[in-house]
Every structure is written in C-alpha cells, then in structure tokens.
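Hi there,

Here is the structure I promised to pass on to you. Have a look at it first, and then read my notes below.

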Amino acid sequence: MFEVLHCVVSFLSRANRSVVPTDRYRTDKVGRRDAIRMLASACGALALSACAADATAPREIRSGARLLSRPSSPELSSISGLHPLGLGKERDGLIYGPPTYKAGSRVPLLLLLHGAGQSADNLMEPYLIEKLATGAVLVAPNSRGQTWDAIGDGFGPDADFIDASLALAFSRFTIDPARISVVGFSDGATYSIGLGCANGDVFSRIVAHSPGYRLKVTPVAKPPMFITHGTLDFVLPIDVSSRVIVPQLRAEGYDVTYKEFEGGHGVTPELLRETSAWAIA
C-alpha cells in the first residue's frame with residue numbers, strides 16, 4: 001500500500017519545483033544507465049567482490065539492532081569513485097570513495113538508507129550529482145526486500161547487511177569515528193532513527209527525511225538528530241509522524257534540529273545541502 005501511495009505522491013510532487021521528487025533518482029532504465037555510466041569509471045566489480053569476501057569473514061553474531069563493525073586501521077587499499085558493494089547478488093548496494101582521500105587521513109562516512117520500493121542509487125545519486133558531503137565516504141546498501149526489515153518485523157537480515165557494508169568501508173578507509181552519520185528517507189528515515197539510537201556509540205549524528213514512526217530499540221548514548229518533513233506529505237502525514245516523533249525524542253533528552261517545509265514526500269534541495277553539511281561537520 002505504501003508503495004502505491006509513494007508513486008502517486010511522487011507524480012504529484014513534480015509540480016512543486018521547490019521539492020526534490022522522490023522519483024527524481026528512480027531506478028528505471030534511465031537511472032540504471034546513469035548508474036552504469038558512473039560505475040564504468042570505477043575499478044572492476046570482481047576486485048571489489050574479493051575485498052567483500054574479506055569483510056564478511058566469520059565474526060561475532062550481531063544481536064537485535066546492535067552493530068558490531070567499528071572503524072579500525074584499513075587492511076586493504078582504498079578505492080576511488082563509485083563501486084558496487086559486491087556483497088549481494090540481487091540487491092547489493094553502492095560505495096563511494098572520495099578521489100581526494102589520502103591513506104591514513106581520517107574522513108567522515110555517511111550511511112544512506114533509501115525509502116520503500118527504492119534502492120541505493122535513490123540517495124547516492126543526489127549526493128554525487130549535487131556534490132554533497134564532499135570528501136566523505138558514502139555507503140548505500142539495498143534493503144533485502146522492498147523495505148527495511150524492522151518496518152514490518154525486527155532487525156535481522158538488513159542489519160546484518162548494513163553491518164557487513166560498514167565493515168567493508170572500514171577495511172578500505174580510515175574513518176573518523178567522531179563523524180559517522182546515518183541518513184535515511186521515508187522508511188529509511190524511520191530505520192535510521194531506530195538504528196542510530198541503538199548504536200549511538202557508532203553514529204555521531206542521525207538525519208531523517210520524512211520518518212514515519214519510532215522503532216522500539218534499547219538506546220545507546222544520545223546522538224544529535226536533524227529531521228525534516230513536508231507539511232503536504234500524504235504518504236507519511238506530518239501530524240502523525242514527525243510532529244509526534246520530535247517532541248518524544250526531545251523529551252527523552254535528544255538534541256533534535258527540526259525543519260518543516262511546504263511540500264510533499266521528499267526534501268528540498270536546500271535542506272538536502274544543509275543536512276549533508278551538518279552530518280559531516
């Protein structure tokens with residue numbers, strides 16, 4: 001049902017130029033060609049798959065929403081540009097290494113979580129096309145299904161895949177542990193708040209564009225948040241989502257920056273730039 005409503009609102013939102021449409025970076029044939037063109041300048045997928053095998057070596061079993069991967073000294077050489085993660089056969093994801101990266105230098109990392117019915121390039125493309133988060137490593141995994149597992153059940157395969165995706169990035173880059181942020185849109189925003197709150201010792205900041213509700217997790221630390229929501233959002237109406245979520249989070253002691261905008265289920269280019277700069281500050 002959410003996916004149908006998502007498509008309807010995406011169509012309606014095209015008339016509002018102040019809003020980045022949710023389907024602007026959709027994964028149809030054109031989007032796929034653009035992604036292939038971007039990937040063509042990167043190193044071969046086989047080489048990245050080899051490093052992925054190292055990143056997914058047997059390790060301690062993850063529990064609930066808790067992630068096990070932590071920044072460490074890279075064991076593999078860095079990569080530059082956009083690459084497939086190489087961790088999944090059907091629904092994989094993307095990783096971007098900044099061309100300016102120098103071995104040993106600490107850089108920020110953004111974990112990008114797409115909305116329902118979308119995939120990694122829906123968030124990765126605007127960050128690259130709009131040149132957001134310059135100098136940061138970007139990791140955008142795909143959910144295992146149409147949306148993230150905890151939306152309908154509990155944290156499981158998606159959290160495992162995110163954990164492996166982060167381990168891959170940590171094996172390639174020297175990541176600044178004080179500048180690791182999770183950014184999500186729609187269902188991805190709901191997931192980012194839950195995952196971020198459960199791993200406040202991993203994520204220094206949380207960005208949520210149009211979240212739906214709170215996921216039940218055991219909080220660890222209290223990372224600051226930046227939440228945005230459109231007042232004309234008919235997919236996840238603001239009155240029963242962010243206007244409920246934000247007061248709850250603030251009452252629990254979270255530092256929440258909250259901005260509403262006149263628009264639908266999406267985010268304005270201005271807010272996208274503002275939140276990305278805030279996430280890597």
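Let's start with Tyr 101, which is buried because its relative accessibility is 12% and the cut-off is under 20%. Please keep in mind that this is a predicted model.

Tyr 101 has a partner, Phe 173, which counts as buried too, at 0% relative accessibility. Their ring centres are 5.1 Å apart and the planes meet at 80°; an angle over 60 degrees makes a pair edge-to-face, so that is what we call this one. The two residues come from distant parts of the chain, 72 residues apart: Tyr 101 is in the loop between strands E2 and E3, and Phe 173 is in the loop between helix H6 and strand E5.

Next come Phe 155 and Tyr 191, with centres 5.0 Å apart and planes at 50°, so this pair is tilted. Phe 155 sits in the loop between H5 and H6 while Tyr 191 belongs to helix H7, so the pair ties together parts 36 residues apart in sequence. Both residues are buried, and together with Trp 148 they form one aromatic cluster. The model has four aromatic pairs in total.

Charged residues meet rings as well. Arg 144 lies over the face of Phe 161, 3.6 Å from the ring centre, and Lys 222 lies over the face of Tyr 254 at 5.3 Å.

Finally, look at the loop between E6 and E7, which holds Ser 210 and Ala 221. Phi is near 60° in Ser 210 and also near 60° in Ala 221. Ser 210 is buried, at 0%, whereas Ala 221 is partly exposed, at 46%.

Enjoy exploring!

Key: Residues are numbered from 1 along each chain as its sequence is written. This is a predicted model: local features need pLDDT of at least 70, side-chain atom pairs count only at pLDDT 80 or more; totals for chains, interfaces and linings use all residues. Side-chain values use heavy atoms; hydrogens and water are left out. Helices (H or I, at least four residues) and strands (E, at least two) are DSSP runs, numbered from the N terminus. Buried means under 20% relative accessible area, exposed over 50%, partly exposed in between (1.4 Å probe, protein chains only). Rings of Phe, Tyr and Trp (its six-membered ring) pair if their centres lie within 6.5 Å; planes under 30 degrees apart count as stacked, over 60 as edge-to-face and the rest as tilted. A charge sits over a ring if NZ of Lys or CZ of Arg is within 6 Å of the ring centre and within 35 degrees of the ring normal.
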